Amino acid sequence: MKLYIAALLVASASAFAPSSTMRGPSALDAVSKKDSYDVTLLPGDGIGPEITEATTKVLGALCKRCGFELNLKEALIGGAAIDEKNDPFPDETLQQCLGSDSVLLACIGGYKWDTNPRELRPESGLLKMRKEMGLFANLRPAKVIDQLIDASTLKREVIEGVDVMVVRELTGDVYFGTPKGIDVVDGQRVGYNNMIYSESEIERIARVAGDVASKRGGKLCSVDKANVLDVSQLWRDVVTEVITKDFSDVDLSHMYVDNCAMQLIRWPKQFDTIVCGNIFGDILSDEASMLVGSLGMLPSASIGESGPGVFEPCHGSAPDIAGENKANPLAMILSAAMMLKYDLARPEEAQLLEDAVEACLDQGIRTADIKQDGDGCELVGCVEMGEAVAKHVETLEMKTISA
Ligand code: IPM
Ligand code: MG
């Protein structure tokens, strides 16, 4: 996996930050640029196939414009995989993903599978993919886009200029802890999961977060519930040790998760990079996304120590609008941009995709989720939005990005 944090993470890179190589090997090793890449496409469920098609069209235009190849090969995940293979993440999908340079995922889930036993639910496929591919770090950027400020439910002055990165641990915590289950005790059912983190799991995510923060605004807020939970006390101790020892350029603070949920709405501009465990990150990243106006705009990257990363929108599969040409493909297109940056060493192409998305917003076209009454914009469908992005990819000027 090639997470070239220095060049890629954010425009607000701090010039004084020591390079990650001075800190020893990073979980985010560099990738070399190639003329041709193998990418596994996982369209999944609900609106997944539609947004995948729109994104594929955009990537086709990008390859043509920039003279490189993406060999996109589909595989099954989620409900689609349950229907065909009776397994939400079949082994052949895992093998194909592991053999690729990168993986682009749309979304999974739907009412149809909601009552299945847990191991036959689409969500289990997603969790299995994260675990088996070792994707322990999930980067979820929430950057307010000027053209969409009025799509947020929050006041303009609160969200203008917000640029938060949530670094969520993705393969531990109560999501994967054992023992777990529902038993009958003294004649009543008792349900339980185990919130558990080992020192090494905390250390490796703290290192990724330290890297990310040092290349952004240099501020890292670690979120926990150390006033109540022992697992959070360990989290706080280990994050403090790692950042104090190896990231002296990073300004570390700690916040309880309930306070963080409140502060994100009260004054989000106080945050630069947030690091937290799996369940807190799940909740806070959804909250952070609403600062931006719509979950339909937010990409994410899931990465491991090595091997391909998985790039996917933060939103779900929206089964209520599936097949109606109403979905917003922009989060998946922006996820493809993250893939180009972090896995495929193509930062200029990634920038072109981001610029093309912005050009569509400037042009005044909107899918339903980001359309406001009386905004004077034109309501378009998923297909039209994809075509518009592709058009801009063909014609916009490309920016040079220095390494
Ligand atoms: C997410 C989702 C998943 C999670 C679900 C679908 C299992 O909410 O990626 O945030 O809880 O991690
Ligand atoms: Mg979630």
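**Exercise 1. Work out the order of the strands in the open sheet, and name the strands at its edges.**

Solution. Begin with the strand order: in this predicted model, ten strands form an open sheet that reads β2-β1-β3-β12-β11-β4-β5-β10-β8-β9, and their pairing is mixed. Next, look for strands that pair on one side only, which are the edge strands β2 (69-74) and β9 (251-256). Finally, follow the twist across the sheet, which averages 25° from one strand to the next.

**Exercise 2. Find the helices that pack on the sheet at β9 and lie across β11, and give their angles to these strands.**

Solution. Take β9 to begin with: helix α9 (residues 257-266) packs on the sheet, where it touches β8 (219-224) as well as β9, and its direction makes about 105° with that of β9. Then turn to β11 (299-303), where helix α11 (residues 330-342) runs at about 40° to this strand while lying across β3 (102-107) and β12 (310-313) too.

**Exercise 3. Describe how domain 1 meets domain 2, and examine the part played by β4.**

Solution. Start from the division of the chain, in which domain 1 covers 34-145 + 294-403 and domain 2 covers 153-291. The contact between them takes 17 residues from domain 1 and 24 residues from domain 2. On the domain 1 side, α5 (122-132) and β4 (137-143) each supply at least two residues, and β4 gives the most, with seven residues. This side divides into eleven nonpolar, two polar and four charged residues. Lastly, consider the pairing of β4, which is joined by seven bridges to the antiparallel strand β5 (residues 163-169), with alanine 142 standing opposite valine 164 in β5.

Conventions
Residues are numbered from 1 along each chain as its sequence is written. Chains are lettered from A and ligands numbered from 1 in the order in which they are written. This is a predicted model: local features need pLDDT of at least 70, side-chain atom pairs count only at pLDDT 80 or more; totals for chains, interfaces and linings use all residues. Domain bounds come from an automatic or database domain assignment. Two residues are in contact if their C-beta atoms, placed from the backbone, lie within 7 Å. Helices (H or I, at least four residues) and strands (E, at least two) are DSSP runs, numbered from the N terminus. Ala, Val, Leu, Ile, Met, Phe, Trp, Tyr, Cys and Pro count as nonpolar, Asp, Glu, Lys and Arg as charged, and the others, Gly among them, as polar. Two strands pair if DSSP finds at least two bridges between them. Axes are lines fitted to C-alpha atoms, for helices over the stretch in contact, and angles run from 0 to 180 degrees between N-to-C directions.
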